[in-house]
Amino acid sequence: MKINVAQLLRASIGSVRDYEIKQVIDITGDGVNSLVQGKVRLMRTNRSILVKGELAAEVELTCSRCLGSFKCPLKMNLEEEYYPTADVDTGAALSLPDEPGCFTIDQQHVLDLTEAVRQYALLAIPMKPLCRENCAGLCPFCGHNLNRGPCGCPSRVANPR
Ligand SMILES: [Zn+2]
Ligand SMILES: [Zn+2]
């Protein structure tokens with residue numbers, strides 16, 4: 001997810017460029033690639049490139065109730081500033097703002113969205129993912145996946161609902 005922004009860095013403040021994103025990245029760091037797609041708008045500000053965009057991805061998650069794996073769609077509203085590390089005309093090193101973990105544009109003026117997208121995607125993943133809203137879960141006695149139908153266990157626990 002690399003974009004060369006040398007031209008945009010030379011453009012006047014307020015200039016924008018639009019990009020279509022369609023790329024596969026490893027969001028959860030477990031070697032499973034997810035397709036990320038959407039649109040981003042890059043805007044030149046007086047000190048940085050502001051990236052705004054709406055992206056969608058799909059990650060494979062494990063249901064917290066039935067332990068089955070399923071594909072979960074994620075939506076991300078990206079908004080991050082990327083600071084140049086080198087002057088686009090002279091190549092001289094630029095000082096960065098005093099913000100820990102701020103995103104930077106490398107010496108070759110390449111802006112890499114991958115890490116920001118990964119972070120946003122991780123935040124978008126639900127804490128207790130469910131494969132479906134009414135997931136029936138596992139039978140507490142035999143472990144049968146009740147989404148696939150009832151098991152043969154006698155219902156020893158009466159459930160009033
Ligand atoms: Zn489930
Ligand atoms: Zn059972």
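Is Thr 45 buried or exposed? In this predicted model, Thr 45 is buried, with a relative accessible area of 14%, and the sections below place that residue within the chain before turning to the two zinc sites and the cysteines.

## Overall architecture

The chain is built from two helices and seven strands, and when the elements are read along the sequence they follow the pattern β-α-β-β-β-β-β-β-α. Among contacts between residues at least 6 apart in sequence, 48% join residues at least 24 apart.

The radius of gyration of the chain is 23 Å, whereas a compact globule of 161 residues would have one near 15 Å. Taken along the principal axes, the box filled by the C-alpha atoms is roughly 75 × 30 × 30 Å. Of the 161 residues, 33% count as buried, and the chain exposes about 10,200 Å², of which carbon and sulfur atoms supply 49%.

## Zinc ion (ligand 1)

The zinc ion (ligand 1) has as its protein donors the SG atoms of Cys 63, Cys 66, Cys 131 and Cys 135, which lie 2.2 to 2.4 Å from the metal. The angles among these four donor atoms run from 106 to 113 degrees, and the site is tetrahedral. For comparison, the ideal angle for four tetrahedral donors at a metal is 109.5 degrees.

The donor residues of the zinc ion (ligand 1) are spaced C-x2-C-x64-C-x3-C in sequence. Cys 63 belongs to the loop between strand S4 (49-62) and strand S5 (69-84), while Cys 135 belongs to the segment after helix H2 (114-124), so this pair ties together parts that are 72 residues apart in sequence. Both Cys 63 and Cys 135 are buried.

## Zinc ion (ligand 2)

Around the zinc ion (ligand 2), the protein donors are the SG atoms of Cys 139, Cys 142, Cys 151 and Cys 153, lying 2.3 Å from the ion. The arrangement is tetrahedral because the four donor atoms subtend angles of 105 to 113 degrees. In sequence, the donor residues of this zinc ion (ligand 2) are spaced C-x2-C-x8-C-x1-C.

Two of the donors can be described by their accessibility: Cys 139 is buried, with a relative accessible area of 7%, whereas Cys 142 is partly exposed, with a relative accessible area of 44%.

## Cysteines and disulfides

A disulfide is a covalent bond between the sulfur atoms of two cysteines, and the structure holds zero disulfides. Cys 72 illustrates the point, because its sulfur is 11 Å from the closest cysteine sulfur, that of Cys 63, which is too far for a bond. Cys 72 itself counts as buried, at 9% relative accessibility.

## Buried positions in loops

Thr 45 sits in the loop between strand S3 (33-44) and S4. When residues up to four places away in sequence are not counted, Thr 45 touches Ile 13, Leu 50 and Glu 81.

His 109 is placed in the loop between S6 and strand S7 (110-112), and at 11% relative accessibility it counts as buried. Leaving aside residues up to four places away in sequence, His 109 touches Ile 3, Asn 4, Val 5, Ala 6 and Leu 9, together with Ala 86, Asp 87 and Val 88.

## More accessible positions

Gly 101 lies in the loop between S5 and strand S6 (103-105) and, at 71% relative accessibility, counts as exposed. Gly 101 and Ala 116 are 15 residues apart in sequence, and their C-alpha atoms are 11 Å apart in space.

Ala 136 is found in the segment after H2, which is also where Cys 135, a donor of the zinc ion (ligand 1), is located. At 41% relative accessibility, Ala 136 counts as partly exposed, and, with residues up to four places away in sequence not counted, Ala 136 touches Leu 146 and Asn 147. The C-alpha atoms of Ala 136 and Gly 91 are separated by 60 Å, although these two residues are 45 residues apart along the chain.

Technical notes: Residues are numbered from 1 along each chain as its sequence is written. Chains are lettered from A and ligands numbered from 1 in the order in which they are written. This is a predicted model: local features need pLDDT of at least 70, side-chain atom pairs count only at pLDDT 80 or more; totals for chains, interfaces and linings use all residues. Side-chain values use heavy atoms; hydrogens and water are left out. Donors are N, O and S atoms within 2.8 Å of the metal (3.2 Å for Na, K and Ca); water is not among the atoms, so sites may look incomplete. Four donors count as tetrahedral if all angles lie between 85 and 135 degrees; four count as square planar and six as octahedral if opposite donors are over 155 degrees apart and all others between 65 and 115; anything else is irregular. Buried means under 20% relative accessible area, exposed over 50%, partly exposed in between (1.4 Å probe, protein chains only). Helices (H or I, at least four residues) and strands (E, at least two) are DSSP runs, numbered from the N terminus. The radius of gyration is taken over C-alpha atoms; the globule rule is 2.2 Å times the number of residues to the power 0.38. Contact means heavy atoms within 4.5 Å. Accessible areas come from the Shrake-Rupley method with a 1.4 Å probe; for residues, only the protein chains shown count as cover. A disulfide is a pair of cysteine sulfur atoms within 2.5 Å.
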